[in-house]
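User: I am learning how the terms used for protein structures are justified. Could you take me through some of them on an example?

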Amino acid sequence: GFCLATCPTYVELGDERDSPRGRIVLMKDMLEKGGAPTDEQVFHIDRCLSCLNCKTACPSSVNYQRLVDQARIHIQEHYHRPLGDRLLRWIIAKVFTRPALVRIGLLMARLGAPIARLLPGRLGAMAKMGLIERPTGRPATHFPPPVLAPGAKALRIAIMPGCVQGVLAPQIDSAVGRVLARRGIELVVLEGAGCCGALPHHMGREADSRAWARMAIEAFERGRYDGVLTTATGCSAQLKDIAQQFAGDAVWEPRARAFAAASRDFLDLCTPMKATAPIAA
């Protein structure tokens with residue numbers, strides 16, 4: 001029961017079915033019986049945030065991540081969702097993964113603000129988010145040149161173009177580029193890549209997710225890089241775990257493993273710098 005206190009949905013809702021071990025019971029029953037899941041099973045498995053706090057807290061090392069991944073694939077393949085659900089998930093998988101379409105969606109939300117405020121449910125909540133004022137823009141494509149000591153060689157790190165974050169918070173990648181340049185790291189956009197595939201993966205849409213993963217792997221293989229980076233933490237976890245999506249594939253699994261091994265977290269690269277005394281005015 002150590003996992004219970006770490007699970008945000010159980011802490012918030014107090015329902016055993018919204019806890020890791022409760023969901024495991026639901027997933028076990030669903031996968032062993034096969035066929036169409038029940039509404040109850042889908043409802044509570046959908047509520048999982050995939051934060052994986054339970055995985056690190058578990059003294060028995062239960063691999064909850066793999067269980068919920070398989071459960072979501074099964075639900076995607078065997079459960080017929082209501083029309084509104086299907087539409088929302090299609091938007092997330094097909095629109096949110098493409099920055100150009102996200103920009104169009106934000107523009108439409110602002111132009112149709114009176115209607116957007118009246119939309120019901122989750123679609124309405126999503127439309128209202130598009131009305132929030134934020135420094136939206138285009139994903140960063142150029143970064144400052146690295147600051148190098150005489151004779152030093154810059155690390156060349158490819159940054160994933162990403163999806164939603166590049167439009168809703170483009171300043172993040174720009175700031176990362178400035179920070180890394182001061183540490184002698186050259187940041188370049190991974191041309192030909194796009195979304196990391198995390199959004200469709202977390203909805204059980206594995207075909208879509210693997211398609212994005214292949215694009216990223218091929219883009220990385222075409223260049224000469226010392227690593228690959230994404231500044232969205234959820235996407236970083238996806239890159240490091242990308243090989244599991246191709247388990248057993250003689251062609252793609254080794255390529256995915258090499259790509260995952262090259263994945264870097266921002267904190268891996270943002271090493272402490274020597275402090276300098278302030279300059280007197």
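User: What makes strands S1 and S2 a pair?

Analyst: This is a predicted model. In it, strand S1 (residues 155–159) and S2 run parallel and are joined by five bridges. Two strands pair if at least two bridges are found between them, so S1 and S2 count as a pair. One of the contacts links Ala158 to Val188, its bridge partner in S2.

User: Why is strand S2 called largely enclosed?

Analyst: Strand S2 covers residues 185–189, and four of its five residues are buried, so the rest of the structure largely encloses the strand.

User: How do you know whether Cys3 is buried or exposed?

Analyst: The relative accessible area of Cys3 is 12%. Buried means under 20%, so Cys3 is buried. Cys3 belongs to the segment before helix H1 (8–13). Its C-alpha atom is separated by 7.9 Å from that of Arg21, although the two residues are 18 apart along the chain.

User: Why is Ser61 called exposed?

Analyst: Ser61 has a relative accessibility of 62%. The term exposed requires a value over 50%, therefore Ser61 qualifies. Ser61 is located in the loop between H4 and helix H5 (64–78).

User: What is notable about the phi of Ser61?

Analyst: Ser61 is not a glycine, yet its phi is positive, at about 55°. Most residues other than glycine have a negative phi. Leu52 is another non-glycine residue with a positive phi, near 65°. Leu52 is placed in the loop between helix H3 (39–46) and helix H4 (53–57).

User: Why is Leu123 called partly exposed?

Analyst: The relative accessible area of Leu123 is 33%. Partly exposed lies between the limits of 20% and 50%, so the term fits Leu123. This residue is part of helix H9 (residues 121–129).

User: What makes Leu123 eligible for a surface patch?

Analyst: Patch residues need over 30% relative accessible area, and Leu123 meets that requirement because its value is 33%. Leu123 forms a nonpolar surface patch of about 460 Å² with Leu87, Trp90, Ile115 and Leu119.

User: Which helix gives the most to the lining of the largest pocket?

Analyst: H5 gives the most, with six residues. The lining has 36 residues, and those nearest the centre of the pocket are Cys48, Leu49, Arg72, Leu199 and His202. At least two lining residues each come from H3, H5, helix H6 (83–94), helix H12 (198–201) and helix H14 (233–240). The space in this pocket is about 1100 Å³.

Note on methods:
Residues numbered from 1 in each chain as written. Predicted model: local features only at pLDDT ≥ 70, side-chain atom pairs only at ≥ 80, totals over all residues. Heavy atoms only, no water. Patch = residues over 30% accessible without salt bridge, like charges linked within 9 Å, V, L, I, M, F, W, Y side chains within 5 Å. Areas by Shrake-Rupley, 256 points an atom, 1.4 Å probe, with all protein chains shown as cover. Salt bridge = Lys/Arg side-chain N within 4 Å of Asp/Glu carboxyl O. Buried < 20%, exposed > 50% of the residue type's maximum accessible area, 1.4 Å probe, protein only. 1 Å grid on protein atoms, 1.4 Å probe; cavity = no way out; pocket = protein on both sides within 12 Å on 5 of 7 lines; lining within 4 Å. Points joined across faces, edges and corners; volume = space filled by probe spheres on them.
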